[in-house]
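Q: I have a model open here and would like to talk it through. Could we begin with the surface and then go inward?

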Amino acid sequence: APYYVRRVEEFTRARATEPVSLSDMVEASGVSARSLHAGFQRFRNTTPMGYLKAYRLDLARDLLLKGADDGSSVTRVALACGFTHLSKFARDYHERFGE
């Protein structure tokens, strides 16, 4: 993948729990929004925001699996992973993991 895709992936991993917009990703990449979108489509088969959502869902799944023993709530985990709409989180989580 080109440098700008990798740069946005690193940016996403570092700031996944914070509010992140497409303009933040474009700024971090150093290329235009169109080039960034095309790079993610070609090399990752997703969009930059789709990558962010998938990363956050993976992070939430890891936290939920680890927190099952200590009683962490799904709401607390979802909010900690940057999700603000719990119904959308539940829908996306179910679509991705079938749970």
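Q: How much area does the protein expose, and what share of it do carbon and sulfur atoms supply?
A: Bearing in mind that this is a predicted model, the protein exposes about 6,100 Å², and 51% of that area is supplied by carbon and sulfur atoms.

Q: And what percentage of the residues count as buried?
A: Of the 99 residues in the protein, 34% count as buried.

Q: Switching topic, how many helices and strands are there?
A: The protein has six helices and zero strands, so that, read along the sequence, the pattern is α-α-α-α-α-α.

Q: What box do the C-alpha atoms fill?
A: Taken along the principal axes, the C-alpha atoms fill a box of roughly 45 × 25 × 20 Å.

Q: How do the axes of α4 and α6 cross?
A: The axis of helix α4, which covers residues 48-67, comes within 11 Å of the axis of helix α6, residues 86-97, and the two cross at roughly 85 degrees. Because angles of 65 to 115 degrees count as roughly perpendicular, α4 and α6 are therefore roughly perpendicular to each other.

Q: Which residues meet there?
A: From α4 there are Lys53, Ala54, Leu57, Asp58, Ala60, Arg61 and Leu64, and these meet Phe89, Asp92, Tyr93, Arg96 and Phe97 in α6.

Q: What does that contact look like by class?
A: The contact of α4 with α6 has seven nonpolar residues and five charged ones, with no polar residues.

Q: Back to the whole chain, what share of contacts comes from residues 24 or more positions apart?
A: Among contacts in the protein with a separation of 6 or more, 62% are accounted for by residues 24 or more positions apart.

Conventions: Residues numbered from 1 in each chain as written. Predicted model: local features only at pLDDT ≥ 70, side-chain atom pairs only at ≥ 80, totals over all residues. Heavy atoms only, no water. Axes fitted to C-alpha atoms, helices over the stretch in contact; angles between N-to-C directions. Helix = DSSP H or I, 4+ residues; strand = E, 2+ residues; numbered from the N terminus. Parallel < 35°, antiparallel > 145°, perpendicular 65-115°, else oblique. Contact = heavy atoms within 4.5 Å. Nonpolar A, V, L, I, M, F, W, Y, C, P; charged D, E, K, R; others polar. Buried < 20%, exposed > 50% of the residue type's maximum accessible area, 1.4 Å probe, protein only. Areas by Shrake-Rupley, 256 points an atom, 1.4 Å probe, with all protein chains shown as cover.
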